[in-house]
Amino acid sequence: MFELAREGETLGAMLAVAGGLPVVADPKRAQLDRVDPSKKPARSVDVFALDARGLATPLKSGDILTVSELLPEFGNAVTLRGNVAQATRTPWKANMRITDLIPSRAFLMSRASVKRQNDVLLSDDDKRNASSDAFARLAEADAQKPVQREKIVGDSADTLASRIGNLVDEINMDYAVVERVDTAKVSVQLIPFSLANALENPSGPDNLALQPGDIVTVFSVNDVRVPVSGQ
């Protein structure tokens, strides 16, 4: 709320006093609400762009200016998410396809999978010990008594069995999906494809052509179950 220095002060001058528009403001659309008791109805609304003509608009006491925020959409980006090494938003380019986002299977190694491989020697008890100097003291003692190594990083038969085969989040290579928003119809289209076919046959139909705004989601077999025949 600002006080007019004089009746008829321009919108541009008042915005300057207010510190200007924030960077997320949309200068193409502003709304001015005005009350004029001499007219019926007394309230009116005007919509215009904040160009040279709009900024020259004279203001009156009681005016309310509303500036819209820019839509938070990416007009030139394609997003990759899900069971991948790195979820990312990539600039779209002409003739862009699935294999431009996922050039090889190595891109499907999730961070969680890498972390489990890094922690392969450590049980839950080991991790708790490693957070204190107790683990360091045990490791030092282990150098003198190698037979005690099992007490530091060992597993029981049950815990070891539960960790076997759990190093990698297995990818559902049969089913991935492109999520595409149609802004004209305000609808979402889901386009499924075979990730295996796209990588093995880049010239085939599963290596879909991408559009700006597309979101490509990769699933693990735990997200979307694989039929027995495909395991």
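In the predicted model, Asp-63 is buried, with a relative accessible area of 18%. The residue sits under the 20% limit for burial. Its acidic side chain is not left alone: Arg-34 forms a salt bridge with Asp-63, and the closest N and O atoms are 2.7 Å apart. This pair links distant parts of the chain. Arg-34 belongs to strand S1 (residues 25-35), whereas Asp-63 lies in the loop between helix H2 (52-55) and strand S3 (64-69). The two residues are 29 residues apart.

The count of salt bridges comes to five. Another of them joins the side chains of Lys-28 and Asp-26, at 2.9 Å from N to O. The two partners are set differently towards solvent. Lys-28 is exposed, at a relative accessible area of 60%. Asp-26 is buried, at 13%.

A further salt bridge brings together the side chains of Asp-214 and Arg-180, with an N to O distance of 2.7 Å. Asp-214 is placed in the loop between helix H9 (195-200) and S8, and Arg-180 in strand S6, so the pair ties together parts that lie 34 residues apart in sequence. Both Asp-214 and Arg-180 are buried. For Asp-214 the relative accessible area is 0%. The side chains of Asp-214 and Arg-180 also make a polar contact, at 2.7 Å. Residues up to four places away in sequence aside, Asp-214 touches Ala-77, Val-78, Thr-79, Val-178, Glu-179 and Arg-180.

Glu-179 is one of these contacts of Asp-214. The residue has its place in strand S6. Glu-179 is partly exposed, with a relative accessible area of 23%. A polar contact of 3.0 Å joins its side chain to that of Arg-81. Beyond neighbours within four places in sequence, Glu-179 is in contact with Arg-81, Val-188, Gln-189, Leu-190, Gly-213, Asp-214 and Ile-215. The C-alpha atoms of Glu-179 and Ile-191 are separated by 6.5 Å, while the two residues are twelve residues apart along the chain.

Strands S6 and S8 are part of an open sheet of five strands. The order is S5-S4-S8-S6-S7, and the pairing is mixed. Strand S5 (88-91) and S7 form the edges, each pairing on one side only. On average, neighbouring strands of this sheet are turned by 20° against each other, direction ignored.

Strand S8 (residues 215-220) has S4 on one side and S6 on the other in the strand order. Strand S4 (residues 77-82) runs parallel to S8, and four bridges join the two. Here Thr-79 stands opposite Ile-215 in S8. Strand S6 (residues 171-182) runs antiparallel to S8, and five bridges join them. Ala-176 stands opposite Val-218 of S8. S8 is mostly covered, with five of its six residues buried. Towards the S5 edge, S4 and S5 pair in the antiparallel sense over four bridges. In S5, Pro-91 is the bridge partner of Ala-77.

The sheet strands also contribute to the nonpolar interior. In soluble globular proteins, nonpolar side chains tend to be buried together. The largest nonpolar core here holds 22 residues, of which Ile-98 and Leu-195 touch the most other members. The elements giving two or more residues to this core are S4, helix H3 (98-101), S6, strand S7 (187-193), H9 and S8. Leaving aside neighbours within four places in sequence, Ile-98 is in contact with Val-178, Phe-193, Leu-195, Ala-198, Asp-206, Asn-207, Leu-208, Leu-210 and Val-216. Ile-98 and Leu-195 are thus in contact with each other. Another core lies apart from the largest one. This second core has eight residues, including Met-14, Phe-48, Leu-50 and Leu-59.

Key
Residues numbered from 1 in each chain as written. Predicted model: local features only at pLDDT ≥ 70, side-chain atom pairs only at ≥ 80, totals over all residues. Heavy atoms only, no water. Buried < 20%, exposed > 50% of the residue type's maximum accessible area, 1.4 Å probe, protein only. Pairing = 2+ DSSP bridges. Salt bridge = Lys/Arg side-chain N within 4 Å of Asp/Glu carboxyl O. Core = buried A, V, L, I, M, F, W, Y, C linked by side-chain atoms within 4.5 Å. Contact = heavy atoms within 4.5 Å. Polar contact = N/O pair within 3.5 Å; in protein donor to acceptor, adjacent residues only side chain to side chain. Axes fitted to C-alpha atoms, helices over the stretch in contact; angles between N-to-C directions.
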